[in-house]
Amino acid sequence: MLTTTTIDAALRQALDEDAPWGDITGEVFVPADAQATAELRAREDGVLAGGEVFARAFTLTEPAVAVEVLAGDGERFSAGQVLATVSGPARGVLRAERIALNFTQRMSGIATLTRAFVDAVDGRTRIADTRKTTPGLRAFEKHAVVCGGGSSHRFGLSDAVMVKDNHLGVLTGAGGDVTAALLAARERLGHTTMIEVEVDRLEQIPAVLDGGADIIMLDNFSLPDLRRGVALIGDRAIIEASGNVSLETVTEIADTGVDVISSGALTHSVRAIDLGLDLVLSEATERSHPAGGAVTAVGEHVHQGGADASGDAHGDTAAAEIRPAAD
């Protein structure tokens, strides 16, 4: 699902967006021969996703940068834990820093939220994502769901038949019969292709069962109606519940006996996990300032504003120290 080709394409687009003509701050302020070492450090507890993406952001930017990822995707981490180390030319490290953090923070946020859902149902049902993903980043976000212990729903429209309410509305509005249409679809499809049908009322279920659907999604059902739907369907199809799914409701939904619970909230409104890159730079820094002065040592704290789902900044802080090389 998340291939090297996909990772490289998305990272190149992000890097081109962030520095289409280079990083002018790094070029005029950071000495060309400065070297950097850095640590990716967690500011809060979470579940990691995107370690390979984090590393690749740096090596695509500057092949001389070396990255060691110290935790695996899907691994829980604690606040203060070092998750990766980065070392190499300072300009390359600084240019890739924000892109690497953006991907890893968001992916880890998805993995962390998914793990909370999975823990809440305690193995009684499967937690799955939806197609409500960020355009262009679906492979990254679905990978993060899997890292959190969830399951990937169909990746896209080409993967499986999923008849939703609008499909049913068009069919019945044109005088079509749901059972007959499902049976005809089965004749046209290969034997490995699944058919799922979304229903929003109990009375829709018998026609869908007669049509041989493999999966029936009970959409926005009340808890009592979910139980009735589960009893009506029995073992004739996989039963999926969706709609109004949150950490507050998912346990009760699992108690109804459904096989799968899908939630768009895993990806469409997740908060990025707070991760920071702590830098220590050391190399020749004594050089002429553009205005004629000399820079011999600089120490500064740089705010690396991580963004949550609403786009608000939150506290990544990188401590940077530049020391002149010994004579």
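These legends describe close-up views of a predicted model.

**View 1. Packing of helix α1 against helix α3.** Helix α1 spans residues 4-18 and helix α3 spans residues 51-61. Their axes are 10 Å apart, at an angle of about 60°. The two helices are therefore oblique to each other. The crossing of α1 past α3 is right-handed.

**View 2. Residues in the contact of α1 with α3.** From α1 come T4, I7, D8, L11, R12 and L15. From α3 come E52, V53, R56, A57, L60 and T61. Sorted by class, this contact of α1 with α3 holds six nonpolar, four charged and two polar residues.

**View 3. An edge-to-face aromatic pair in helix α3.** Two aromatic pairs are found in a search of the whole structure. One is formed by F54 and F58, with ring centres 5.1 Å apart and 65° between the planes. Both residues lie in helix α3. They are four residues apart, about one turn of the helix. F54 and F58 are both buried.

**View 4. A tilted aromatic pair between helices α4 and α5.** F103 and F140 form this pair, at 5.2 Å centre to centre and 50° between the planes. F103 belongs to helix α4 (residues 90-121), and F140 to helix α5 (residues 138-147), so the pair ties together parts that are 37 residues apart in sequence. F103 has 12% relative accessibility and so counts as buried. F140, at 2% relative accessibility, also counts as buried; the cut-off for buried is under 20%.

Definitions and conventions. Residues numbered from 1 in each chain as written. Predicted model: local features only at pLDDT ≥ 70, side-chain atom pairs only at ≥ 80, totals over all residues. Heavy atoms only, no water. Axes fitted to C-alpha atoms, helices over the stretch in contact; angles between N-to-C directions. Parallel < 35°, antiparallel > 145°, perpendicular 65-115°, else oblique. Left-handed = near helix turned anticlockwise from the far one by under 90°. Contact = heavy atoms within 4.5 Å. Nonpolar A, V, L, I, M, F, W, Y, C, P; charged D, E, K, R; others polar. Phe/Tyr/Trp six-rings, centres within 6.5 Å; stacked < 30°, edge-to-face > 60°. Buried < 20%, exposed > 50% of the residue type's maximum accessible area, 1.4 Å probe, protein only.
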